[in-house]
Amino acid sequence: AMGGAESESPMQKWGKWLGVAVGAIVFAIALYSLRREFATYNVRQVRSAVRFLHPIFIVRGALFAIAAYAALIVYDVLALRYIKSALPVRRTAFISFIAFAFSNALGFPLLLGGGLRYRLYNAAGLSSADIALTIAFSTVTFWLGVLSVAGGTLLFAPSGPAAVFGIPLSIVQPIGVLLLLVVAAYLLLCAYYRRPIRIVGWEFLPPTGRVALAQVVISAVDWLLVAAVLWSVIPLPPEHLTFSLVVGAFVLAQVAGLVSHVPGGLGVFEFTFVALL
């Protein structure tokens, strides 16, 4: 690792510092924006709201969170089925939970989640090639969930995003259709194209149609469950604040936090979510 660091080119070093600088700027802007959003509230009001929140809402949110992590574990179970690994489900579940817990909490999911998976799967006996395929498979599953849930929200509940971004429904809904078409194209490819695909020197077979469909379903369920965690702690949601609107806002906020490269999307996720709602 030290030798690799010493052999880095000046461009790579500057690139790392640029990434840190951009993340810091985005974080500062998010905090400033959050401060403006909550300018009319004080800490006493927030404490009071939390104190009088009925315990059933907290319990319900915790149950949704547990169910969401169970769905995340299926990501790795499907990935190991794809590579035809005989690793026991119990061991797979442990590795998956550890990797997702760290990457979701600290941010940089591809870096932290991938690194942890490599170490843990390597200790379990998987080859480097199989580990790389497992990580790539889980990443594809993750984005299939983003595309399917975001596409469905934009298509069937477009009024919220249209109002926030100030664009007509005639534009929002076609974007939703486009996202769903990408998912449909992936399913068709996996169902009917059974020859190896070569990308950047890597050769792999697409998963079967059944496995691909399972990817879409479990990732969509995962996103819905995590959005339900926030939905469940809203004591008396107004009539116009539908679950579909919360799901749409949640997915867009999560993507914004991911793209920002701020650890855990801190500040970026919160501001985007609050602004969209």
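Which residues line the second largest cavity? In this predicted model, the lining is made up of Ala150, Thr153, Leu154, Pro161, Gly248 and Leu252. The volume of this second largest cavity is about 30 Å³. The structure holds two cavities of 30 Å³ or more. Two elements each give two or more residues to the lining of the second largest cavity: H7 and helix H11 (243-260). H7 supplies the largest share, three residues. By type, the lining residues are four nonpolar, two polar and no charged.

The nonpolar cores were examined next. The largest contains 19 residues. Within this core, the most contacts belong to Leu80, Leu87, Tyr121, Leu126 and Phe137. Four helices give two or more residues to this core. They are helix H4 (55-82), helix H5 (89-106), helix H7 (128-156) and helix H10 (209-232). H4 provides the largest share, eight residues. H7 thus appears in two settings: it gives residues to this core, and it also gives residues to the lining of the second largest cavity.

Tyr121 shows the surroundings of one core residue in detail. Neighbours within four places in sequence are left aside here. Tyrosine 121 is then in contact with Asp76, Leu80, Leu87, Thr92, Ile95, Leu126, Ile131 and Thr134. Among these partners, Leu80, Leu87 and Leu126 are also listed with the most contacts inside the largest core.

A second core is separate from the largest one. This second core has 17 residues. Its members include Trp223, Leu245, Phe250 and Phe273.

How values were computed: Residues numbered from 1 in each chain as written. Predicted model: local features only at pLDDT ≥ 70, side-chain atom pairs only at ≥ 80, totals over all residues. Heavy atoms only, no water. Core = buried A, V, L, I, M, F, W, Y, C linked by side-chain atoms within 4.5 Å. Buried < 20%, exposed > 50% of the residue type's maximum accessible area, 1.4 Å probe, protein only. Contact = heavy atoms within 4.5 Å. 1 Å grid on protein atoms, 1.4 Å probe; cavity = no way out; pocket = protein on both sides within 12 Å on 5 of 7 lines; lining within 4 Å. Points joined across faces, edges and corners; volume = space filled by probe spheres on them. Nonpolar A, V, L, I, M, F, W, Y, C, P; charged D, E, K, R; others polar.
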